[in-house]
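Reader: I'd love a close look at one part of this model, namely the open and enclosed spaces in the protein and whatever occupies them. Could you walk me through that in one go?

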Amino acid sequence: MSTYPDLHLYINGEWRNTANDLPVLNPATEEEVGRLPHAEKSDLDDALDAAEQGFEVWSHTAPIDRANVLYKAATIMRERQGEIATAITAEHGKPLNQARLEVIRGCEFIEWDAGEATRTYGRVIPSAPGVRYFVHHQPIGIVAAFSPWNFPMSQPCRKVAGAIASGCSIILKASEETPAGALHIARALHDAGLPPGVLNLVFGTPSDISDHLIGHDQVRLVAFTGSTAVGRHLTTLAAQHMTPVLMELGGHAPVIVCEDTDVQAAAISGAVRKMRNAGQVCTSPTRFFVHESIFDAYTETFVRRAAATVVGDGFDPDVEMGPLANDRRVEALTELVDDACERGAELRTGGSRIDGKGYFFQPTVLANVPDTARVMQEEPFGPLAIINPVSSLDEAIDKANSVPYGLAAYGFTNRADYVDRMIDGIEAGNVSINTLEASLPETPFGGVKSSGYGREGGTEGLHNYMITKNISHSLSIV
Ligand code: NAD
């Protein structure tokens, strides 16, 4: 792929290769698209030193100047969107138009946080005469961040933008399977004039990098997006150093479809959204709880639309869904489908790997899935929907809350009283009614329960990256 970039580490404002490089594969063809240098311990130590110097400079840079570098980088990435999207499709497999939308979304995340950089207001607390109390926010320090493979551009944008807007420096370990998005972010920020050391980008063996970075007291925040299991492990490591964490972890999103809704529109919207990014989205709608009076009609339309999804190489303009990102997902989905069917679930469409090259899996719908099936508790993270009937809203809310996760949840209804009960009753960081959108730059995004804590985006987004300092100033010595 001619527009796939040469891959490097980025440390102290310089591009770096190492003696050890490993292939990056196109999941649609299983062919090598590039080779990625993996960091040694000495590279990580250089990144820590650089980040320390970068923090010294950046934390003393005016918020408006930080914002302007971010705005400029976003403009550069918008100009390069075709080249970046091509690289993302080559390494991740998603359809090119979806990769392009992801680039734009990444720019929007950066632009939002750039604006927020100038609005991290403190406050003055009313006080007795002769004394002043005020609250002031300061950048927390060096951030060690880890971003996953499902959104190679927008996921690292979240962390890089949050840290840089707040005045922190950051060492980002982006995904080794999809490194090009993060590399393009570093390129754009470099070209926009970001001082050396403020952003450092490394790749390698994930556990070696997280063990090494989190073990250093200079690191003042660990920010991770990925599975709950890894998030729990990194949180444990960080706790040894009392380092705070920002954790965006797994989800198993419920969709409650009430009897009063437009059945056809809700079913088609559900089937289309489910297959976006081949279901590899932490907010992907997965457990559909549909009122029994509309269950048959809803399921029939959903299955028809899901089965009609055009699956193939993301460079084909007609394709709606690409391959899974790697072979691990194909195996995990096959096991979950087999287990559910053995326990009595109805396989309404799909259920298997698609023969031939690439990690393709059929759009899959299971109906009447028993609660004992593994997939009712484990996040499938793939193009798999579960549709089960419920007899009341209370039952649907109970089932929605019956998993350890609480990230996104969705409801379809026109009744205000139903909306109210869902807002109050569902345990999730994000509840969306009549839409399957859960995350925008201007809205706070994050989970409850095993889906993690902390928020990205919205006016809350920079809070994790800053400390709150209380100042007491008495005009005379007391
Ligand atoms: P995984 O649990 O092995 O890895 C998940 C992510 O964590 C990857 O990006 C990986 O590089 C990173 N990672 C793994 N071990 C690490 C360590 N010790 N230190 C730092 N980073 C580490 O699983 P996987 O097969 O890559 O992905 C599958 C699961 O991950 C899915 O079931 C899903 O739950 C989760 N996931 C979630 C998101 C999300 O947006 N929340 C994104 C990608 C993957």
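Author: Happy to! Let's begin with the enclosed spaces and work outwards to the ligand. Keep in mind as we go that this is a predicted model.

The protein holds 6 cavities of 30 Å³ or more. The largest cavity has a volume of about 70 Å³. Its lining is made up of 16 residues, and those nearest the centre are Pro254, Tyr405, Gly406, Ala408 and Glu427. Three strands each give two or more residues to the lining of this largest cavity: β12 (253-257), β17 (405-406) and β18 (408-412). By class, the lining of the largest cavity has 10 nonpolar, 3 polar and 3 charged residues.

Now for the pockets, which are open. The second largest pocket contains about 580 Å³ of space. Lining it are 28 residues, with Arg105, Phe151, Ser154, Arg276 and Ser439 closest to its centre. Two helices, α4 (96-117) and α5 (154-166), are the elements that supply two or more residues to the lining of the second largest pocket. Of these, α4 gives the most, with 7 residues. In the lining of the second largest pocket you will find 10 nonpolar, 8 polar and 10 charged residues.

That leaves the largest pocket, with a volume of about 800 Å³. Here 30 residues form the lining, and Trp149, Phe224, Gly226, Ser227 and Val230 lie nearest the centre. The lining of the largest pocket draws at least two residues from each of α7, β10, α8 and α11, and the largest share, 4 residues, comes from α8. Sorted by class, the lining of the largest pocket has 11 nonpolar, 12 polar and 7 charged residues.

What takes up the space of the largest pocket? The ligand does. The shell around the ligand receives two or more residues from α7 (206-214), β10 (219-225), α8 (228-239) and α11 (327-342). There are 22 residues around the ligand, and Trp149, Ser210, Ser227, Arg328 and Glu379 come nearest. Trp149 and Ser227 therefore appear on two lists, being among the residues nearest the ligand and among those nearest the centre of the largest pocket, where lining residues are those with an atom within 4 Å of a grid point. The shell around the ligand divides into 10 nonpolar, 8 polar and 4 charged residues.

At the level of atoms, a few polar contacts are worth a look. Arg328, one of the residues that come nearest the ligand, places a polar side-chain atom 2.8 Å from a ligand oxygen atom. Two other residues approach through the backbone. In Leu249, a backbone N or O atom lies 3.2 Å from a nitrogen atom of the ligand. In Pro206, a backbone N or O atom is 3.4 Å from a ligand nitrogen atom. Taken as a whole, the protein covers 84% of the 800 Å² of accessible area that the ligand has on its own.

Technical notes
Residues are numbered from 1 along each chain as its sequence is written. This is a predicted model: local features need pLDDT of at least 70, side-chain atom pairs count only at pLDDT 80 or more; totals for chains, interfaces and linings use all residues. Side-chain values use heavy atoms; hydrogens and water are left out. A residue is near a molecule or strand if one of its heavy atoms lies within 4 Å of it. A polar contact is a pair of N or O atoms within 3.5 Å; within protein, one must be able to donate a hydrogen and the other to accept it, and residues adjacent in sequence count only if both atoms are side-chain atoms. Accessible areas come from the Shrake-Rupley method with a 1.4 Å probe; for residues, only the protein chains shown count as cover. On a 1 Å grid over the protein atoms alone, a cavity is a set of points where a 1.4 Å probe fits but cannot get out, and a pocket is an open set with protein on both sides within 12 Å along at least five of seven lines; lining residues have an atom within 4 Å of a point. A molecule sits in a cavity or pocket if more than half of its atoms lie within 2 Å of its grid points. Ala, Val, Leu, Ile, Met, Phe, Trp, Tyr, Cys and Pro count as nonpolar, Asp, Glu, Lys and Arg as charged, and the others, Gly among them, as polar. Grid points are joined across faces, edges and corners, and a volume is the space filled by probe spheres set on the points.
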